[in-house]
Amino acid sequence: MHVSFTRFIKQSPHWALALIAILLVSFYWFVWAEERYVSRATVVLESPQVATPEFSLSSLMGGGSGNTADLLLLREHLLSVDMLRLLDEQLGIRQHYSEHGDFFAKLRDPNVPIEDLHDYYLRRVEVELDEYAGVLNIRVQGYTPEFAHSMASLLLEAGENHMNEMGHRLADEQVVFLERQMIRLEERFEETRAQLLAFQNEYGLVSPTATVESINQVVATLEGDLARLQAQRNALASFQSSQSAELRQVERSIAALRDQITEQRDRLAQATGNSLNRVSAEYETLELQAQFAQETYSSALAALENTRLEAARQLKQVSVLQSPLMPEYPTEPNRLYNSSVFAIITIFLAFILSMLIMIVKDHRD
């Protein structure tokens, strides 16, 4: 038996090495490797159903991409160094993983740099995104069921707080900015309104534009009367003397109408003085400024309300589909699977090496 085994080693050292490696690895997985408990949780992010005042095509085209993006952000945070620091501070990760586990699986030095600790952390915590279902699957490995459960629960709590803080930070900054703009726009609106009222009080006119239109109507009426009297005068002049009382009365009426028309036209437009056309132009400018300030102020109010609604929609709630499991028996490591995979790979490599050796021998012969 011993002679046959020695001959086997001499003839096929690579197969002997492969067999020894399989036996050693199998011994490690089935005998030496310490058991680990796994706490699982499945979560989804939800936002409050706050009705938005606007409905656009972009909201339809966006679909559910926003929720997937939020889940990816949550996943990255759960696997981040910041989360690792929080877990170490509250649960003592360094102590737990250094005091438990076998030589190959434990954290050998509890004082390792944060980079090395993070690499170890990524081997014990898995966060996978199920894009089809839109959920996150979390798996936490610990050497005690209580530690694995506590770690998974803290991951969910800290993740929800982080998503809320991140969502509100931008919305709060937008609200503060709009509130500052609101103060400026309100002051501008009050200023333009005061200027408009002061202008109306100065000239004693509520609406110079309406006054101009009224005077234009008066002038048009007077010109109509003037044309009628001129026609009457021409008719009287055809059969009466220019000194007749009736004709002279018509002439006086015509002169009075012309003076009245000239006076009204001077009110509307003149080279110097406060003519109504200039007053009306200034009034229209002030009125446009007041209307623009009012519309801007109204738009800012609507934008502020929309931003506040958006801030409410940014609140992310981590809804737990499966609460962190309190494991009752260890499920890691998967001893049979790990041993089988290693054995298959080792045999495959040994077979390749055997083929290479046979090829070399054939070429030598």
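Helices here are DSSP runs of H or I with at least four residues, numbered from the N terminus, and in this predicted model the run called α12 covers residues 335-364 and holds Thr-346.

Select Thr-346 to begin. With a relative accessibility of 12%, Thr-346 counts as buried, because that value falls under the 20% cut-off. Display the backbone of Phe-342 as well, whose oxygen lies 2.7 Å from a polar atom of the Thr-346 side chain. Then add Ala-18 and Ile-22, which are in contact with Thr-346 once its neighbours within four places in sequence are left aside.

Next, move to the largest nonpolar core, a set of 37 residues in which Leu-87, Ile-93, Tyr-97, Tyr-121, Ile-138, Met-151 and Leu-155 touch the most other members. At least two residues of this core come from each of β1, α4, α5, α6, α7, β2, β3 and α8, and α8 gives the most, with eight residues.

Within that core, select Leu-155 and show its surroundings: apart from residues up to four places away in sequence, Leu-155 touches Leu-78, Met-83, Leu-87, Tyr-121, Val-125, Ile-138 and Val-140. A second core, separate from the first and made of nine residues, can be located by selecting Leu-229, Val-250, Ile-254 and Leu-257, which are among its members.

For the last stop, follow helix α8, which spans residues 145-203, as far as Leu-197. Is Leu-197 buried, exposed or partly exposed? Its relative accessible area is 46%, so Leu-197 is partly exposed, a class that lies between the 20% and 50% limits. Finally, pick the C-alpha atoms of Leu-197 and Leu-286, which are separated by 9.7 Å although the two residues stand 89 residues apart along the chain.

Methods
Residues are numbered from 1 along each chain as its sequence is written. This is a predicted model: local features need pLDDT of at least 70, side-chain atom pairs count only at pLDDT 80 or more; totals for chains, interfaces and linings use all residues. Side-chain values use heavy atoms; hydrogens and water are left out. Buried means under 20% relative accessible area, exposed over 50%, partly exposed in between (1.4 Å probe, protein chains only). A nonpolar core is a set of buried Ala, Val, Leu, Ile, Met, Phe, Trp, Tyr and Cys residues joined through side-chain atoms within 4.5 Å. Contact means heavy atoms within 4.5 Å. A polar contact is a pair of N or O atoms within 3.5 Å; within protein, one must be able to donate a hydrogen and the other to accept it, and residues adjacent in sequence count only if both atoms are side-chain atoms.
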